[in-house]
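Work through the exercises below with the sequence and the model side by side, attempting each task before reading its solution.

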Amino acid sequence: MKILSILLNATETIVNSQEAEEIRLSLWELAKEGGWIMIVLAIFSIIAVYIFSERIISINQASKKDDNFMNLIRNYMIEGKLDDAKQLCKQTNTPISRMIEKGISRIGKPLNDIQTAIENVGNLEVSKLEKGVALLGMISGASPMLGFLGTVTGMIRAFYDMSMAGNNIDIELLSAGIYEAMVTTVGGLFVGILAYIFYNIVVAKIDKVVNLLESKSIEFMDVLNEPA
């Protein structure tokens with residue numbers, strides 16, 4: 001009985017693995033039925049994943065907060081050690097440090113000029129963080145439309161095959177066009193939804209960095225306005 005149980009379990013495992021393989025193969029075959037549009041959607045999905053991953057890494061590095069950094073900058077400025085403050089900014093090498101370094105280099109000029117210089121650097125840093133985000137938004141909007149294009153071309157193909165078949169119409173004749181129509185629709189929606197989620201996550205993280213830069217610039221200007 002024990003041997004029989006082992007054999008049954010082994011047989012069940014083999015059957016399950018074969019069924020799983022058949023499902024994977026069938027999905028691959030379905031994807032191939034979508035034609036060239038599925039190739040474009042696959043490229044879109046790879047670009048979207050790459051941009052999202054690369055931007056998340058860059059934004060996380062840019063949003064690192066060092067509470068001791070501004071305290072050291074404040075102490076250096078109060079003590080008149082501006083060179084030490086600049087050196088600290090260069091060693092830190094973050095959007096905040098580059099923004100503060102520009103402000104320190106403008107000390108001695110009117111406060112409005114210092115604030116403008118800081119804001120200009122902040123805008124440049126934000127534009128660096130937004131690299132590729134527009135393309136991500138384009139993919140999120142274009143992918144469903146591309147899928148719909150595949151739907152239309154697939155249905156045209158199906159109706160064309162139907163018209164050419166005359167009275168010999170069968171399911172196999174129409175299947176190619178219907179496959180193309182349905183598969184491209186699903187593929188376009190999937191890539192579009194994925195890119196849309198990626199886009200909003202990246203935009204939300206960039207907004208947090210913008211708020212962080214604004215708060216640090218205000219903190220720096222407060223230090224300049226402190227009485228000597």
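Contact here means heavy atoms within 4.5 Å. The model is predicted, so local features need pLDDT of at least 70 and side-chain atom pairs count only at pLDDT 80 or more, while totals for chains, interfaces and linings use all residues. Residues are numbered from 1 along each chain as its sequence is written, and side-chain values use heavy atoms, with hydrogens and water left out.

**Exercise 1.** Find the residues that F69 is in contact with, leaving aside its neighbours within four places in sequence.

*Solution.* Once those neighbours are set aside, the contacts of F69 are L88, C89, T92, I96, S97 and I100.

**Exercise 2.** Describe the largest nonpolar core (buried Ala, Val, Leu, Ile, Met, Phe, Trp, Tyr and Cys residues joined through side-chain atoms within 4.5 Å).

*Solution.* Begin with its extent: the core has 43 residues, and F69, I73, I100, I104, V202, I206 and F220 are those with the most contacts inside it. Next, turn to the helices (DSSP runs of H or I, at least four residues, numbered from the N terminus): among those giving two or more residues to this core are α3 (67-78), α5 (95-105) and α8 (171-225). Finally, α8 provides the largest share, 13 residues.

**Exercise 3.** Examine α6 for its span and for its buried residues (under 20% relative accessible area, with a 1.4 Å probe and protein chains only).

*Solution.* From first C-alpha to last, the 19 residues of α6 reach 27 Å, close to the 27 Å expected at 1.5 Å a residue, where the expected span is 1.5 Å times one less than the number of residues. The buried residues of α6 are I114, A117, I118, V121, G122, E125, V126 and L129.

Terms used: Buried means under 20% relative accessible area, exposed over 50%, partly exposed in between (1.4 Å probe, protein chains only).
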